[in-house]
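Biologist: I would like to learn how to read a model like this one. Can we take it feature by feature?

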There are 2 protein chains.
Amino acid sequence: MTLEWDSWTLGETRYLPALAGWHESLFTIGNGRLATRGSFEEPRTGERRATFVNGLFVHPEGDTAVLGAVPDWTRVDLAVDSVPFTLDVPPAGFQRTLSLADGVLTRTVLWRGPETGLARIRFRRVLPLDRPHLCALELHIEAMTAPIALTLETGIDATVGSPTRPAWVPVGQDGDRSNLTASYRSIDGAHDLEVTARLAAAGAVTLIADHAHPRWRTVLNLDTGESMTITKTASYRSSHDGDTPAPLPDTGFDEFAAGSKRAWSQRWRQCSIEIDGDPEAERALRFAAFQLLAAAPGDAAGAGIGAKLMSGFGYRHHVFWDSDVFVVPYLTVTNPDLAANHLAYRYRCLDGARRKAAGFGRQGAFYAWESADSGDEMTPAWTRPPHGEPVRILTGELQEHITADVAWAAHHYWRWSGDDAFMSTSGAEMIIEGARYWASRVDVNDRGAHINGVIGPDEYHIEVDDNHFTNRMARWHLRRAASVVRWLGAEHPDAYHRLVTKLGIDTGEATRFDRLAGQLVLGAQRNRVWEQFSGFFSLDVVDLEAVTPRTRSMYDLLGESRLQKVDVIKQPDVLMALAMLPAARRDPDVARANWDYYAPRCDHGSSLSLPVHAGLAARLGEPEEGYRLFRRAMGIDLEDSMGNGADGLHAATLGGLLQATLFGFAGLGLDRSGPITSGGLPEHWRTVGFTVLWRGRPHDMEVTR
Amino acid sequence: MTLEWDSWTLGETRYLPALAGWHESLFTIGNGRLATRGSFEEPRTGERRATFVNGLFVHPEGDTAVLGAVPDWTRVDLAVDSVPFTLDVPPAGFQRTLSLADGVLTRTVLWRGPETGLARIRFRRVLPLDRPHLCALELHIEAMTAPIALTLETGIDATVGSPTRPAWVPVGQDGDRSNLTASYRSIDGAHDLEVTARLAAAGAVTLIADHAHPRWRTVLNLDTGESMTITKTASYRSSHDGDTPAPLPDTGFDEFAAGSKRAWSQRWRQCSIEIDGDPEAERALRFAAFQLLAAAPGDAAGAGIGAKLMSGFGYRHHVFWDSDVFVVPYLTVTNPDLAANHLAYRYRCLDGARRKAAGFGRQGAFYAWESADSGDEMTPAWTRPPHGEPVRILTGELQEHITADVAWAAHHYWRWSGDDAFMSTSGAEMIIEGARYWASRVDVNDRGAHINGVIGPDEYHIEVDDNHFTNRMARWHLRRAASVVRWLGAEHPDAYHRLVTKLGIDTGEATRFDRLAGQLVLGAQRNRVWEQFSGFFSLDVVDLEAVTPRTRSMYDLLGESRLQKVDVIKQPDVLMALAMLPAARRDPDVARANWDYYAPRCDHGSSLSLPVHAGLAARLGEPEEGYRLFRRAMGIDLEDSMGNGADGLHAATLGGLLQATLFGFAGLGLDRSGPITSGGLPEHWRTVGFTVLWRGRPHDMEVTR
């Protein structure tokens with residue numbers, strides 16, 4: 001109702017307070033290191049204002065790391081004829097556009113207070129993609145109908161920005177009429193942060209040296225028809241990433257925007273995607289790519305990609321499998337440097353994963369279900385819903401498939417990039433250490449090898465035995481580890497010997513991986529349908545189609561304990577194996593039987609569920625059904641159909657839409673000669689065109705119905 | 001964001017309280033005599049619940065007639081395990097669909113209160129198009145997960161329904177466990193109203209004989225999986241239309257729906273419109289036709305068509321030129337019986353128009369700018385904005401073009417229908433009496449005949465002299481009156497003599513009409529551009545394009561007195577003459593020059609402005625520009641882009657969209673052989689197909705790019 005799209009802009013022309021929190025997420029801008037939510041410059045009732053520095057986690061809540069908002073650079077308090085400017089007073093005009101071409105967010109407001117003249121107030125902001133430590137804001141004000149007196153205050157504000165309490169304690173400040181530096185220590189004492197700002201403004205500027213909100217104040221008068229422009233730049237320097245930015249340059253906003261545009265143009269060349277016949281889907285995919293690129297660190301020392309990207313406080317910015325499975329494969333084929341950066345993050349987390357495995361008395365590496373800066377497990381043990389009793393969270397302990405997911409992402413990256421330097425060092429180490437975890441984890445008895453007491457992708461069923469997906473991924477992982485060891489020995493003897501020394505690989509390890517993979521059971525099969533876990537086929541049957549209409553999940557409706565006993569699943573689980581492993585869908589009758597059985601049982605209670613189903617439906621020869629699911633998936637962020645948009649965007653949905661298009665509808669894959677497609681497009685998609693990188697070379701792909 | 005369209009349904013799957021008032025207007029159902037807003041059955045905070053009986057005006061505010069809401073038939077108070085059912089508690093699921101095929105509104109809610117079982121609650125309601133005195137409601141409740149105890153109360157509620165105070169005073173009631181009759185007197189003592197209801201429900205029903213809200217109460221228990229259905233019917237009998245409905249039939253909801261569907265099918269055959277290439281526009285036009293048909297009285301004794309149709313409290317349901325100029329021409333070519341009914345209403349108002357003319361010391365008939373039941377002027381003399389001083393309203397006294405607009409609608413209807421019986425009686429009488437008004441109104445001096453001190457369509461400029469539109473329409477009106485008099489004399493001598501006797505027509509009257517028409521000035525012309533009124537070219541120039549972005553009108557921004565002095569216009573004025581009178585756009589250079597001059601000066605401050613511009617742009621060979629305006633016009637009701645959707649839908653917008661399509665893009669017109677098209681479709685409209693009636697015979701039209 002409120003969004004207005006153009007090919008390269010997301011816009012809105014009305015301000016509806018009820019949707020403002022979600023729109024703050026939608027209008028997030030970022031450059032991989034910094035991101036700022038689309039919160040307004042002037043304070044707004046109910047705002048969730050935030051700027052994030054990627055990877056700068058603090059520990060204000062005991063052991064759980066949180067990516068808290070850093071002190072804010074965007075706040076502007078403006079008064080027109082002494083009346084505070086706020087959209088809590090309905091404006092006479094409002095327009096906001098996010099330019100996907102350069103990452104510039106522009107907001108223009110026509111406004112007047114009671115008895116004041118009419119002012120046009122335009123804000124522009126950008127986090128230049130080519131200068132990841134920098135922020136730039138421009139404010140242009142015009143007196144439209146009468147002279148107006150303006151008072152403006154802006155600085156660096158540590159009083160706002162976190163849903164709970166500020167993560168940063170001011171420890172010093174220094175400034176004059178055009179420069180300001182404020183220093184902070186994180187609330188846990190672990191990090192230092194320095195924020196520098198620079199102001200270029202007409203009029204008499206004074207500095208208010210407020211402890212938590214040092215700011216400039218300027219007062220000036222505009223005659224009718226007159227206007228004025230203020231430019232503010234800021235930079236964030238933190239101890240966690242050793243970034244030492246150059247002094248703030250004395251350039252205008254347009255120059256920052258132009259530099260950002262050049263950098264974005266390069267990214268867009270790599271992310272080009274055209275869908276002849278469906279401009280709506282094309283725009284949704286472009287928006288998805290924009291937010292992935294805005295959140296993906298541009299350097300290998302950066303953080304991982306969070307489940308909410310850089311767009312909100314949800315999940316404390318923790319990294320889940322959402323990134324490895326739903327984002328990294330897309331980045332791999334379009335921007336492999338960004339995929340590699342995420343995998344470098346996973347490699348830096350390997351010691352944390354080793355600590356987690358050791359904590360369970362096992363070998364190798366068990367990746368964190370929720371990962372922050374160290375790679376240690378960050379899943380909270382309990383969650384406290386707004387109403388009702390605290391709920392115990394077991395995903396951090398039991399959702400073990402994460403380890404295979406990371407290996408899968410690394411292997412996918414290697415296949416496409418041909419980056420042997422990666423695989424022969426960090427890639428192999430992650431894969432082998434993960435395989436060792438599985439080897440120490442399985443229980444072998446006379447009926448085979450088992451993995452008991454896990455949570456699969458379907459989080460509605462907890463502590464289940466022989467989850468088909470987990471076992472199949474573990475089997476895949478063990479076999480890949482064996483082949484990587486053999487490949488290293490044959491092709492990269494130096495790297496092999498370094499790893500042998502470092503990890504203590506013995507000559508029989510690859511063989512043991514293979515043997516164990518062969519022993520791992522995949523569970524029961526009935527009429528070609530794999531049993532999701534041992535006992536699933538005996539659960540009470542719920543006719544999900546009959547529980548309509550629903551906007552809340554079956555978890556909300558039935559409660560956790562009842563849910564254990566019924567055959568409703570949160571998200572694809574057996575079908576997830578089909579989606580991730582081509583071998584699992586090789587037999588079309590088996591694939592079809594599992595689709596027919598599991599798709600109607602799926603609650604789509606996770607944001608990643610719909611795009612996976614969409615892509616898989618296309619793979620199974622049902623592109624129209626796939627499109628129907630794809631369209632619903634588009635609504636998760638673009639219509640806030642899950643109702644949690646204010647918490648941030650959904651990385652797995654946005655990446656999932658792109659992946660459903662490339663790997664699902666267009667059927668993108670690899671054979672020995674390079675990228676191939678085998679697509680089944682929905683009827684109204686006449687052509688899908690995109691470019692992928694294979695071994696560093698671009699390949700233009702075009703799929704026609 | 002929230003609306004979900006299918007070809008024949010308008011739906012929504014989320015309940016957003018901030019949009020609920022507007023959605024109450026959107027989901028209005030009606031059968032021409034009765035209409036019920038899409039307010040919920042159960043009370044909702046902020047609701048504007050209303051059922052209207054068309055034409056049943058009361059006078060609670062002094063002289064101004066108001067179509068107040070009648071006592072409500074829809075209210076259902078439901079408690080699940082003693083917890084009141086309300087969507088103020090967010091539901092677990094919500095779906096509402098309005099079926100345009102039969103007028104059935106269905107709402108299904110999955111709901112549970114704290115600690116209660118889950119219930120599926122489905123309401124269906126219909127105002128059968130074939131039984132204009134009847135209402136039917138069905139409630140189906142199912143216990144989904146646990147046994148539930150239900151308490152249900154429903155009856156006839158005179159305590160709710162008006163924005164100010166109830167218009168109806170209870171004077172008596174009688175009932176038993178399945179029948180209920182309540183009698184009311186209007187607050188002004190002028191009308192009686194009897195509401196009868198009938199309930200078919202399981203369980204122990206008791207009657208609560210509350211004075212203002214007599215109602216049944218039933219209590220029953222549902223086991224898990226059990227459901228129950230309640231059917232309620234109601235009828236409204238009022239003294240104003242002498243309707244004496246049959247006793248309430250003892251039939252189920254499905255039968256009412258089936259009867260309604262048969263009647264709607266007949267209407268839809270006449271309103272079929274297909275746009276190959278733009279399903280969104282096609283659906284918008286179907287919705288527009290639905291709401292016009294739901295509000296247009298099906299019998300000649302009915303009321304007129306209100307500016308808000310039957311969908312809200314805005315404008316007190318008064319009838320403006322919106323109906324004559326923006327709705328009746330569409331109905332004329334698709335459902336001429338409904339156009340004729342509106343003209344019959346205008347004819348019944350002729351005495352009121354005579355009284356208004358006489359009140360100004362003039363001859364003939366001066367139609368009311370705001371018309372209710374009697375035809376007397378109902379425009380309030382003052383309006384009181386929420387903030388600020390009262391504002392004097394002069395439209396009722398000065399917006400004289402209404403008289404020509406009614407004549408124009410009557411003449412348009414006659415040309416298309418060939419209904420000589422109408423034109424030779426009431427049509428001619430309205431046209432001649434209107435022409436006599438103009439004859440007594442103009443001031444003749446040596447430079448010609450003038451009409452001074454009027455308001456044209458552009459209500460931003462008040463009390464202007466020689467308004468081009470008014471003068472041109474008066475000239476057209478005088479000439480048509482002359483030709484109608486001559487036609488009558490030549491073709492229908494009996495009718496002619498009856499009129500001569502009744503109206504005292506003398507032999508020179510037609511000649512005097514013609515002579516006066518020739519004397520009427522059309523104002524100055526500069527570079528082919530007509531001056532909107534004497535002095536318009538000297539007004540201060542405002543660059544409207546520069547006052548962006550705007551969501552509020554220039555009236556709001558500049559204020560009434562400043563607006564008088566600048567060249568911003570509220571809505572088409574000179575361009576309105578071009579839109580209504582083909583002769584005015586015969587010279588393409590003149591048409592183009594006026595478009596180029598006036599279109600950029602238009603504020604679109606009226607809901608009728610955008611569709612007129614859209615259709616005219618298409619007529620002038622600019623279909624893409626026309627479509628851009630058309631798309632914006634679609635947003636007025638379907639996106640609430642003017643922000644006043646809760647007050648009701650906009651008849652002139654909805655009719656205007658249909659008319660822009662038929663008469664604009666498709667270029668529908670008449671020549672001697674019948675309907676012709678000369679369309680210029682926007683690029684993405686491959687084909688537009690529709691059916692029109694000409695002289696009682698259907699003509700299938702198809703326009704291809």
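Biologist: What percentage of the 705 residues of chain A count as buried?

Modeller: Start with the ground rules. This is a predicted model, in which local features need pLDDT of at least 70 and side-chain atom pairs count only at pLDDT 80 or more, while totals for chains, interfaces and linings use all residues. Residues are numbered from 1 along each chain as its sequence is written, and chains are lettered from A and ligands numbered from 1 in the order in which they are written. A residue is buried if 20 or more other C-beta atoms lie within 10 Å of its own, exposed if 12 or fewer, and partly exposed in between, with C-beta atoms placed from the backbone. In chain A, 56% of the 705 residues are buried.

Biologist: What does the radius of gyration of chain A say?

Modeller: The radius is taken over C-alpha atoms, and the globule rule is 2.2 Å times the number of residues to the power 0.38. For 705 residues a compact globule would be near 27 Å; chain A has 26 Å, so the two agree. The C-alpha trace of chain A spans about 85 × 55 × 55 Å along its principal axes.

Biologist: How many helices and strands does chain A have?

Modeller: Both are DSSP runs, numbered from the N terminus: helices are H or I with at least four residues, strands E with at least two. Chain A has 20 helices and 31 strands.

Biologist: How many residues does each chain bring to the contact between chain A and chain B?

Modeller: Two residues are in contact if their C-beta atoms, placed from the backbone, lie within 7 Å. Chain A gives 25 residues and chain B gives 25 residues. On chain A, strand 10 (93-99), strand 11 (105-111) and helix 14 (554-558) each supply at least two residues.

Biologist: Which strands form the open sheet with strand 30 of chain B, and in what order?

Modeller: Two strands pair if DSSP finds at least two bridges between them. The order is 21-30-31 in chain B, with antiparallel pairing. Strand 21 (273-276) and strand 31 (697-704) are the edges, each pairing on one side only. Strand 30 (residues 687-694) and strand 31 of chain B share 8 bridges. There, Leu693(B) has Pro698(B) as its bridge partner.

Biologist: Which strands pair with strand 19 of chain B?

Modeller: Among them is strand 14 (residues 148-155), antiparallel over 8 bridges. Ala149(B) stands opposite Asn221(B) of strand 19. Strand 18 (residues 204-208) also pairs with strand 19 of chain B, antiparallel over 5 bridges. A hairpin of 6 residues joins strand 18 to strand 19 in chain B.
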